[in-house]
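Biologist: I should like to learn how such a model is read, beginning with a helix. Please give the general idea, and then the case at hand.

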Amino acid sequence: MKFAILVNEGPYTHQASDSAYQFAKAVLAKGHELYRVFFYHDGVNNASRLTVPPADDRHIVNRWSALAQEHGIDLVVCIAAAQRRGMLDENEMKRQGKDANNIAPGFRISGLGQLVEAGIQADRLVTFGD
Amino acid sequence: MLHIVNKSPTERNSLDSCLRLATKGSAVLLIEDAVYAATKGTAAAAKLQAAMADLKVYALAPDLNARGVAGRVLEGVNLVDYGGFVDLVAEHNTCQSWL
């Protein structure tokens with residue numbers, strides 16, 4: 001079965017990012033397909049490669065990146081939510097005339113249409129948030 | 001339909017809304033702080049037990065364990081792990097997260 005996940009909460013806030021990640025791992029462990037993880041609202045902060053948690057804490061961002069790398073999961077960050085929160089990839093950095101970018105490997109910035117498409121393509125869309 | 005509730009009944013009224021609107025035969029999965037609703041001695045316990053006449057109630061065991069309340073779970077609440085969470089989503093045609 002095809003699953004998609006929507007993450008609406010930032011990392012290290014309550015538990016949504018962790019729940020979504022554990023759920024994503026379980027989806028894959030059960031042999032299902034994970035079509036896409038879409039990050040919206042404060043959820044876009046899950047994609048900051050400048051995140052530096054204490055050494056004894058889980059690294060939520062790197063965990064997502066590793067999931068993308070190991071399983072080829074499509075991690076999509078909402079562009080409007082990202083720009084409001086200072087989240088830019090290299091292209092957006094140039095386009096907006098900024099001097100830095102901060103999107104972690106495995107994530108890509110795109111539009112809300114990617115969430116709609118995930119809802120259409122996947123058999124189930126599960127939302128995690130605040 | 002699978003209803004997913006993630007906030008404590010003492011913090012939000014999302015569980016109340018869910019129980020009010022969930023139709024007979026639906027399933028309710030309690031995750032994160034909502035697992036407190038599945039424990040004995042809380043204000044939500046009676047409501048949840050009454051709801052179990054019409055609804056199947058599940059709670060995420062890892063979240064109960066993380067909060068140290070796994071030994072106080074109400075009778076009739078079914079415990080699942082993340083794999084069981086995935087199965088519940090797969091078994092029901094639709095799911096609704098009560099954020």
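Biologist: Which are the buried residues of α2(A)?

Modeller: A residue is buried if 20 or more other C-beta atoms, placed from the backbone, lie within 10 Å of its own, exposed if 12 or fewer, and partly exposed in between. In α2(A), the buried residues are A:I60, A:V61 and A:W64. This is a predicted model, in which local features need pLDDT of at least 70 and side-chain atom pairs count only at pLDDT 80 or more, while totals for chains, interfaces and linings use all residues. Residues are numbered from 1 along each chain as its sequence is written, with chains lettered from A and ligands numbered from 1 in the order in which they are written.

Biologist: Where do these buried residues fall, seen down the axis of α2(A)?

Modeller: An α-helix has 3.6 residues a turn, so residues three or four places apart point the same way. The buried residues of α2(A) lie within an arc of 110 degrees (taken from the directions from the helix axis to the C-beta atoms), so they line one face of the helix. On the other side of α2(A), A:Q69 and A:E70 are exposed. The cover over the buried residues includes α1 (16–29) and β3 (75–78) of chain A. After α2(A) comes A:G72, with a positive phi near 65 degrees.

Biologist: How are the strands of the sheet in chain B ordered?

Modeller: Helices (H or I, at least four residues) and strands (E, at least two) are DSSP runs, numbered from the N terminus, and two strands pair if DSSP finds at least two bridges between them. In chain B, five strands form an open sheet in the order β4-β3-β2-β1-β5, with parallel pairing. The edges are β4 (78–80) and β5 (95–98) of chain B; each has a single partner strand, so one side of each is left without a neighbour in the sheet. Within the sheet, β1 (residues 2–5) and β2 (residues 27–30) of chain B are joined in the parallel sense by four bridges. B:H3 has B:V28 in β2(B) as its bridge partner.

Biologist: How many residues does each chain bring to the contact?

Modeller: Residues are in contact if their C-beta atoms, placed from the backbone, lie within 7 Å. Chain B contributes eleven residues and chain A 18 residues. On the side of chain B that touches chain A, α4 (82–91) and β5 of chain B each supply at least two residues. The largest share there, six residues, comes from α4(B).

How values were computed. Contact = placed C-beta atoms within 7 Å.
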